[in-house]
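Biologist: I am new to this structure and would love a close look at a single part of it. Could you take me through the disulfides and their surroundings?

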Amino acid sequence: MSREEFFSKCEPSHPDRRIAALNLPIEGRTLVGGGLGPKEDSMRPATLFGAGLLLAISMPLRVFAGVAATLRVVAGRAGSSRNTTGALIPLMVGVQAWRTWLLATSAALGLQLFLAPYPARADGDDALAAAAVDGEVAHKQHMRLLFPEPTVGTQPTPPVIPQTVITSDPSGFLASFQPKGSTLTANNAFFQNLGTNGRTCFTCHEPQDGWGLSARDAKLRFALNPSDPLFRLVDGATCPSDNVSTPAAASAAYALLRNKGLIRIGLPMQSSMQFEVQSVADPYGCNTSPITGLTDPQSGTVSVYRRPLPTTNLGFLSTIMWDGRESDLFQQAIDATLTHAQGNASPTPEQQQQIVTFEGCTTADTPSQCASTPAGAGLFTAQLFDFQAGYLSANGAMGGPVALSTDVSSFFIGINDPLGLNPTGNPFSPTIFNLYNAFADSPVAAQAAIARGEQVFNSVPINITGVAGLNDVLNQPSIAGFCGTCHDTPNSGNHSVKAPLNIGVADAGALSPPALDVSGLPVFTVKCIAGPLAGQIFQVTDIGRAMFSGNCADIGKLKGPVLRGLAARAPYFHNGSASTLQAVVEFYDQRFGIGLTPQQKSDLAAFLNAL
């Protein structure tokens with residue numbers, strides 16, 4: 001069913017979205033009380049108060065309510081050695097009450113609706129990473145004292161997150177699935193205010209954005225309510241010292257968050273680093289001020305700007321955070337509470353466990369820490385419906401989150417690794433995704449395009465050159481590979497081992513990738529003063545993993561994320577430099593000289609949108 005056909009059968013409800021009064025079956029499954037259940041004797045249709053309402057309601061509610069909130073303010077550090085010490089408001093209150101009522105009503109009726117790369121550290125880097133995070137916590141706590149938040153509101157939160165949540169995105173509809181059933185938000189610290197600035201984890205991690213944050217939503221939320229807890233000086237502004245006293249000033253202060261969905265990360269320079277920051281071209285002055293930034297080339301704080309990662313599909317992770325500085329999700333919850341939420345204290349172990357149980361734990365990577373997390377717990381998110389291709393689980397295809405939730409039990413660190421790190425000894429296969437083989441001979445043009453795009457991802461050869469962390473480590477200037485060489489986890493697409501890489505996304509100056517937009521980001525000129533790269537100079541918008549390892553070889557290195565639910569969370573890459581998935585495809589084609597045809601580019605983008 002095309003987008004036009006879908007909306008032609010709907011009654012107007014909002015200029016951008018309408019509610020469909022249709023019988024819309026989920027192929028192979030039915031929308032029933034607790035979620036997407038297996039098809040049994042027959043496939044039951046979902047009517048207006050099922051799939052139609054489910055699929056179409058999220059955006060109108062976002063527009064009218066302007067709710068939601070954002071940073072993943074998760075839990076503190078109890079037991080840790082690192083306890084670092086007008087006029088829209090009436091409308092917003094009324095609409096939020098309606099939004100909350102509707103969510104509660106939907107849960108009572110059993111409706112499944114909701115309003116709506118990745119380097120980790122090696123074991124030897126744990127102490128360095130801990131020191132970096134300690135410095136990050138200390139910096140943000142200090143900024144809180146120097147630059148108090150002028151406004152503190154509360155985070156609107158629904159009473160229930162149903163087992164299955166379906167929300168709209170620019171390509172169709174995204175679904176999130178909890179195998180263990182619905183979640184009462186009052187009983188889970190993910191949704192509770194653990195800090196001082198009104199933020200919760202839910203502030204920065206909402207279902208309509210794939211449990212991350214889209215620039216589209218950030219911009220809308222600011223327009224509707226500039227006091228939304230998302231917009232806080234500590235890391236939502238380009239610098240904590242920014243002037244937000246007028247609407248125009250606040251708009252400028254939150255420009256990177258509004259336009260690219262970027263959050264400021266402030267990390268300390270450390271004396272053991274092999275490099276110094278010679279200069280920074282910083283349009284916001286945050287890095288160049290001795291109060292908020294660097295005090296000399298080898299001391300002070302470096303501020304970079306990164307996209308919040310999704311809090312879903314976490315069981316597939318081999319690395320936590322873009323640069324891998326967090327050891328496990330429990331510690332990350334502590335650090336997020338003390339930084340993003342500006343908490344006075346760490347969350348309790350019970351609160352940490354609640355957060356991780358809701359998100360899902362990195363069981364394969366940190367089995368001992370995840371031992372108390374129930375098997376099958378967590379969130380799984382994937383695209384369910386495409387406006388052009390229809391249901392992505394139709395005719396034997398395996399799109400959507402339910403199929404994905406069954407894959408996590410077979411994931412282990414090193415699965416399908418291309419460089420011999422698979423503990424089973426099995427050889428690498430470039431066939432990473434097998435979701436849409438059933439669409440290969442489809443008479444529906446959009447379904448056939450998705451299948452062709454999957455084959456482009458799996459089979460088109462790539463001559464991999466100049467990738468720090470791969471070519472240099474292997475001492476091979478050229479490696480014959482595929483997309484799956486770096487995105488090797490089956491049906492997930494992230495790297496199955498800790499593999500921080502620099503593919504050039506952070507490059508600036510003369511090496512700035514022409515397919516990417518890095519405007520508005522600070523540019524660091526970094527000189528190596530020790531180690532095997534001494535004398536070499538880098539120009540980057542993000543120093544990457546080197547900010548905790550201290551090694552010049554790690555400058556610009558970051559991880560690659562899980563590739564599911566992409567359509568909902570533009571822009572892409574850690575710095576938001578690709579506004580669309582078409583821009584992502586164009587970057588890779590130019591960067592590695594792949595030579596994709598226009599048809600292959602279009603098909604590959606269609607496939608990525610269907611993940």
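Modeller: Happy to. A disulfide here is a pair of cysteine sulfur atoms within 2.5 Å. Please keep in mind that this is a predicted model. With that cut-off, the structure holds 3 disulfides. If you number the bonded cysteines in sequence order, they pair as 1-2, 3-4, 5-6.

Let us begin with C239 and C286, which are joined by a disulfide with an S to S distance of 2.2 Å. The link of C239 and C286 is right-handed, with 75° about the S-S bond. C239 sits in the loop between α6 (215-224) and α7 (247-253), while C286 belongs to the loop between β10 (275-281) and β11 (294-296), so this pair ties together parts that are 47 residues apart in sequence. Are these two cysteines buried or exposed? Both C239 and C286 are buried.

The next disulfide is formed by C361 and C370, whose sulfur atoms are 1.9 Å apart. Here the torsion about the S-S bond is about -75°, so the disulfide of C361 and C370 is left-handed. C361 has a relative accessible area of 6% and is buried. C370 counts as buried too, at 3% relative accessibility.

That leaves C528 and C552, a disulfide with its sulfur atoms 2.2 Å apart. The torsion about the S-S bond of C528 and C552 is about -130°, so this disulfide is left-handed. The pair links distant parts of the chain: C528 is in strand β17 (residues 523-528), and C552 is in the loop between α14 (546-549) and α15 (581-592), 24 residues away. Both C528 and C552 are buried.

Strand β17, where C528 lies, is worth a short detour. An open sheet of 3 strands runs in the order β10-β17-β18, and its pairing is antiparallel. At the edges of this sheet are β10 and β18 (537-540), each of which pairs on one side only. On average, neighbouring strands of the sheet are turned by 20° against each other, direction ignored. In general, the strands of a sheet pair through backbone hydrogen bonds, either parallel or antiparallel. How many bridges do β10 and β17 share? Their antiparallel pairing runs over 6 bridges. One place to look is S279, which stands opposite T525 in β17. You have also met β10 already, as one of the strands bordering the loop that holds C286.

Now for some cysteines with sulfurs too far apart to bond. Why is C201 not bonded to C204? The closest cysteine sulfur to that of C201 is in C204, 9.8 Å away, which is too far for a bond. C201 is buried, with a relative accessible area of 0%. A similar check applies to C483: the closest cysteine sulfur is in C486, at 9.2 Å, so this is again too far for a bond. C483 counts as buried, at 18% relative accessibility, because the cut-off for buried is under 20%.

To finish, here is a spot on the surface to look at after those buried cysteines. L419, V473 and L474 form a nonpolar patch there, with about 250 Å² of accessible area together. Within this patch, L474 is found in helix α13 (residues 471-474). L474 counts as partly exposed, at 31% relative accessibility.

Methods
Residues numbered from 1 in each chain as written. Predicted model: local features only at pLDDT ≥ 70, side-chain atom pairs only at ≥ 80, totals over all residues. Heavy atoms only, no water. Helix = DSSP H or I, 4+ residues; strand = E, 2+ residues; numbered from the N terminus. Buried < 20%, exposed > 50% of the residue type's maximum accessible area, 1.4 Å probe, protein only. Patch = residues over 30% accessible without salt bridge, like charges linked within 9 Å, V, L, I, M, F, W, Y side chains within 5 Å. Areas by Shrake-Rupley, 256 points an atom, 1.4 Å probe, with all protein chains shown as cover. Salt bridge = Lys/Arg side-chain N within 4 Å of Asp/Glu carboxyl O. Pairing = 2+ DSSP bridges. Axes fitted to C-alpha atoms, helices over the stretch in contact; angles between N-to-C directions.
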